[in-house]
Every structure is written in C-alpha cells, then in structure tokens.
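Please open the structure in your viewer and keep the sequence panel beside it. The tour below moves from one selection to the next and says what is found at each stop.

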Amino acid sequence: MNRRTTERLNERRRVRKKKREMNEEGSLIAVIGDEDTVTGFLLAGVGHIDERQRHNYFIVGERTTEDELAAAFKEFTSAREDVAVVLVTQVAADKIRYLVNAHSAAIPSVLEIPDKENPYDASKDGVLSRVKHLLGGES
C-alpha cells in the first residue's frame, strides 16, 4: 500500500471510531410513526443500523399490534443506550399512552409529533402538560 491509501484507511477508521463513540454516548434519534413520517426522517439522515442490526426507527402500520408498538417504545426508551430522543407520532403515542405518560427519564426524551394525516393536539401531549404544570399553568 502506498502512503496515500494508508492515510485514507486511517481516516476512515478514525471516522468510524468517532461515530461509534457518539452512538455509545446516546446521540441517536429514534422515530416511531407511520410510514410517511418515518421515511421523511430517514431521508433527512436520521436512520441508523448498529452492529447488531438494530434500527432506530419503527413503522406503525394498520396491522401493527399494540404489543409490537409497546415493545419498540420500551426498546428505544429502556434497552438502548445509544438513543437520546424518541420522536413518536401522536397517533402512535395514543395507542401506548400509558407507557408514554409513565416515561419520566430526561434521556431519552420522548417528544410527540404530528403525522401528515392528523394535526398536533396539545391537550394529549403529556410532556407539554408537565411543563405547563411546572411553570404554574393549568395541567
């Protein structure tokens, strides 16, 4: 190998190591939602597959059961150390509202987002109601 090739290989190794270190620190965004919403985030560069072939997204379809949705939410919020933020569409969050409301850890943060078919409803958002309560507003 010539010097230039060796330098390129070393640079690639440094980049891979840095990405691995970032992921170990909890730098990923996980997305749970309908196919269009998840696809939009994947096109924006949010998608990631780790060494164990685990994705940082979960697509909720017509045939997705509540148990499958709950398992994905628990994986992103409890089992994975590399996830810092979980974005979940409000429609999906409504199906597992008991889990979303029970989640109280700061990291990973769980944020509810609208999907393209349903507008955002602030009255259903548990995080927003907690913030209002802390700031002295209505709960």
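**Whole chain**

Begin with the entire protein chain in cartoon form and follow the elements from the N terminus, where they run α-β-α-β-α-β-α-α-β-α, a series of six helices and four strands. Bear in mind throughout that this is a predicted model, and colour it by pLDDT before going further: the protein chain averages 82, with 80% of the residues scoring at least 70. Among the elements, helix 1 (residues 3-24) has the lowest mean pLDDT, 63, while strand 2 has the highest, 95. If you then switch on a surface, the protein chain exposes about 9500 Å², of which carbon and sulfur atoms supply 52%, and 32% of its 139 residues count as buried.

**The sheet**

Next, select the four strands and hide the rest; they form an open sheet in the order 2-1-3-4, and the pairing is parallel. Strand 2 and strand 4 stand at the edges with a single partner strand each, so one side of each has no neighbour in the sheet. From one strand to the next, the twist averages 15 degrees.

Now narrow the selection to strand 1 (residues 28-33) and strand 3 (residues 83-89), which pair in the parallel sense over five bridges. Within this pair, Leu28 stands opposite Val83, and the bridge partner of Ile32 is Val88. Bring helix 3 (residues 66-79) back into view, since this helix packs on the sheet and touches strand 1, strand 2, strand 3 and strand 4, its direction making about 170 degrees with that of strand 1.

On moving to strand 4, you will find that strand 3 pairs with this strand as well, in the parallel sense and over five bridges; here Leu87 has Leu111 as its bridge partner.

**The nonpolar core**

Stay with strand 3 and colour by burial: six of its seven residues are buried, leaving the strand mostly covered. As background to the next selection, nonpolar side chains in soluble globular proteins tend to be buried together. Which residues have the most contacts inside the largest nonpolar core? Show the side chains of Ile32, Phe73, Val86 and Ile96, which hold that place in a core of 16 residues. Strand 1, helix 3, strand 3, helix 4 (90-95) and helix 5 are the elements that give two or more residues to this core, and helix 3 gives the most, with four residues.

Centre the view on Val86 and, leaving aside residues up to four places away in sequence, display what this residue touches: Ala30, Ile32, Phe76, Thr77, Pro108, Ser109, Val110 and Leu111. For the chain as a whole, 66% of the contacts between residues at least 6 apart in sequence join residues at least 24 apart.

**Two backbone stops**

From that list of contacts of Val86, pick Pro108, which lies in the loop between helix 5 (97-102) and strand 4 (109-113). Select Ile107 along with Pro108 and inspect the peptide bond from the former to the latter, which is cis, with omega near 0 degrees.

Finally, go to the loop between helix 2 (35-43) and strand 2 (57-59), and select Gln53 there. Is Gln53 buried or exposed? With a relative accessible area of 57%, Gln53 is exposed; its phi is near 65 degrees, a positive value in a residue other than glycine.

Note on methods:
Residues are numbered from 1 along each chain as its sequence is written. Side-chain values use heavy atoms; hydrogens and water are left out. Buried means under 20% relative accessible area, exposed over 50%, partly exposed in between (1.4 Å probe, protein chains only). Contact means heavy atoms within 4.5 Å. Accessible areas come from the Shrake-Rupley method with a 1.4 Å probe; for residues, only the protein chains shown count as cover. pLDDT is the predictor's confidence in each residue, from 0 to 100. Two strands pair if DSSP finds at least two bridges between them. Axes are lines fitted to C-alpha atoms, for helices over the stretch in contact, and angles run from 0 to 180 degrees between N-to-C directions. A nonpolar core is a set of buried Ala, Val, Leu, Ile, Met, Phe, Trp, Tyr and Cys residues joined through side-chain atoms within 4.5 Å.
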